Protein chains: 2
Amino acid sequence: MAAQRRSAPVPRLDARRAEICRAAAQIFRDRGFDATSVSDIARALGLTKAGLYHYFDSKEALLFDIMSFGLDRVRDEVVVPVRAIRDPEDRLRQLIVRHARITTRGQGAVAHLGDEIRALPPASRKQLEERMRVYFDLIRDTLAELKSAGRLRHVDLTVAAFSVLGMILWLPRWFRQDGRLTQEQVANDIANLAIGGLIAPARSSQAHRKGLRKMQPRRHEDTKKN
Amino acid sequence: MAAQRRSAPVPRLDARRAEICRAAAQIFRDRGFDATSVSDIARALGLTKAGLYHYFDSKEALLFDIMSFGLDRVRDEVVVPVRAIRDPEDRLRQLIVRHARITTRGQGAVAHLGDEIRALPPASRKQLEERMRVYFDLIRDTLAELKSAGRLRHVDLTVAAFSVLGMILWLPRWFRQDGRLTQEQVANDIANLAIGGLIAPARSSQAHRKGLRKMQPRRHEDTKKN
DNA sequence: AACGACCTACCGACCGGTCGGTCGGGCGGA
DNA sequence: TCCGCCCGACCGACCGGTCGGTAGGTCGTT
């Protein structure tokens, strides 16, 4: 189903497959998976439908590879670096900023194909959904840490986690690279909005609380398993 | 294109059309517009494809009517009641809560067909996008009011408005009516998160600021045009 | 250097099947 | 009798996918 790896001598083929994925992701994003024909993708790459099928077993397999590639990016550039951050507030901020950066950079077309997952057969769908759940749990666990440290506003963890996700995943639908706003500006604004909404308002002055926080012992485990 | 109104003697026909819209909206939401055939919709209603075409000119027209119906709900149950609220913070809170309620109630399937708008011909699409823009502007203008009153956190208005929208429009994708959370609980949590993230942190105590606010003269126009 | 075996990359033609949409007509109540 | 409602049969277009075939390069053997 996925692009199968051979032992060693196939760098060329995989490179072409990646190229095809990039082009297909863009068209799928613009027109939708169902509304895009395999010939459309082939034409955009300067070859025929039959030629495309030299690289992919099916249209569904192509979509699966694209989405897997997107999830790889999130894992490598968000999940892994962010897990190393001890303070849950810092971790959450980095998570938002890093994820936002992925979705706003050029080839980030990959990121918001989430709806098209229903076009996949159940087995593939389950596999991708499982990877998404891992990511969701990272967010939810981070919020739980904040909560047990008394630093979270009174709010349901699930609602909070999905709302943060909503802000991030909505971003690629409206952000224009050639627009007025820069990636960094948008990423920071969203992080500020989310964290401002999540963190419990200080009872005393901001500075005082901030000082106190650093002195207090952590009540929660420092790093989560996995 | 849309369900055309006749002078008087067609209450029956419009009722049936509404029934069809409701059923179709649900299937479109579950399987996607392109992946749903007209026969699928007809079967769900206990009639044939040809029978369905007695009520609608085309599959696209059906989608257009569904989306128009959804926008009507937002207009009647969110925009209109909310415009009457003077205080921008209260207005924003009501907007979020009311919109969230629409998207989480049973037949709210209508609300998150937003992606499928690309299946429509440009003319219809423009028409719906214009209505959406009006709604977006309501949010943005409300935030601008907060800003000019010095009550908004330092954040770009466009980013803030889209982020609020993202939280709301993401809701129907994860909310389950038979789940643990109630509509009201979720709606209130989201409103608290959004407003907590948007409103500038108080410099003095919460109560003091709240008292002050009510005394201060408004610097912005009380009600926007349109 | 010449040759044939073999490979990747790709194409034109074609297939079974499904789609949105049409048409002529049946049928039941006013 | 007429009209709103609905059906079975059908159409052309297009879809995802397959098939046989080929141009061009690499490699081992002679």
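Let's start with DNA strand C: 18 residues surround it, and the closest are A:T48, A:Y55, B:K49, B:Y53 and B:K59. By "near" a strand I'm going with this rule: one of the residue's heavy atoms lies within 4 Å of it. Of the atoms of DNA strand C that come within 4 Å of the protein, sugar and phosphate account for 55%.

Quick housekeeping before I go on. This is a predicted model, where local features need pLDDT of at least 70 and side-chain atom pairs count only at pLDDT 80 or more, while totals for chains, interfaces and linings use all residues. Residues are numbered from 1 along each chain as its sequence is written, chains are lettered from A and ligands numbered from 1 in the order in which they are written, and side-chain values use heavy atoms, with hydrogens and water left out.

Okay, back to strand C and its phosphates. For polar contacts, the cut-off is a pair of N or O atoms within 3.5 Å; within protein, one must be able to donate a hydrogen and the other to accept it, and residues adjacent in sequence count only if both atoms are side-chain atoms. A:Y55 has a polar side-chain atom 2.2 Å from a phosphate oxygen of DNA strand C. For B:Y53, an N or O atom in the side chain is 2.4 Å from a phosphate oxygen of that strand, and for A:R16 the corresponding distance is 3.0 Å.

Which elements give two or more residues to the surface near DNA strand C? They are helix 1 (11-31) and helix 3 of chain A, together with helix 3 of chain B. Helix 1 of chain A brings the largest share, three residues. When I say helix, I mean a DSSP run of H or I with at least four residues; strands are runs of E with at least two, and both are numbered from the N terminus.

By class, that surface has seven nonpolar, seven polar and four charged residues. The classes go like this: Ala, Val, Leu, Ile, Met, Phe, Trp, Tyr, Cys and Pro are nonpolar, Asp, Glu, Lys and Arg are charged, and the others, Gly among them, are polar.

Now over to DNA strand D. Here 17 residues surround the strand, with A:K49, A:Y53, A:K59, B:T48 and B:Y55 the closest. Of its atoms within 4 Å of the protein, 55% belong to sugar or phosphate, and the rest to bases. The side chain of A:K59 puts an N or O atom 2.7 Å from a phosphate oxygen of strand D. Backbones join in as well: a polar backbone atom of B:T48 is 2.7 Å from a phosphate oxygen, and one of A:V38 is 2.9 Å from a phosphate oxygen. The elements giving two or more residues to this surface are helix 3 (49-52) of chain A, plus helix 1 (11-31) and helix 3 (49-52) of chain B. By class, we get seven nonpolar, seven polar and three charged residues.

So how are the two protein chains related? In general, two copies of a chain are related by a rotation about an axis and a shift along it. Here, a rotation of 180 degrees with 0.0 Å of shift along its axis superposes chain A on chain B, with an RMSD of 0.1 Å; the fit is by least squares on the C-alpha atoms of residues with pLDDT of at least 70 in both copies. That is the relation of a two-fold axis. In chain A, the C-alpha nearest the axis belongs to A:G197, 1.8 Å away.

What about the contact itself? Contact means heavy atoms within 4.5 Å, and 38 residues from chain A and 38 residues from chain B take part. About 2,900 Å² is buried between the chains, with carbon and sulfur atoms giving 62%; that is the accessible area (1.4 Å probe) that two parts lose on being put together, summed over both. On chain A's side, A:R118, A:W170 and A:L193 lose the most area to chain B.

Last, a residue to click on. Is A:S163 buried or exposed? At 1% relative accessibility, A:S163 counts as buried, since buried means under 20% relative accessible area, exposed over 50% and partly exposed in between (1.4 Å probe, protein chains only). A:S163 sits in helix 7 (residues 157-174) of chain A. Leaving aside neighbours within four places in sequence, A:S163 is in contact with B:M167, B:I190 and B:L193.
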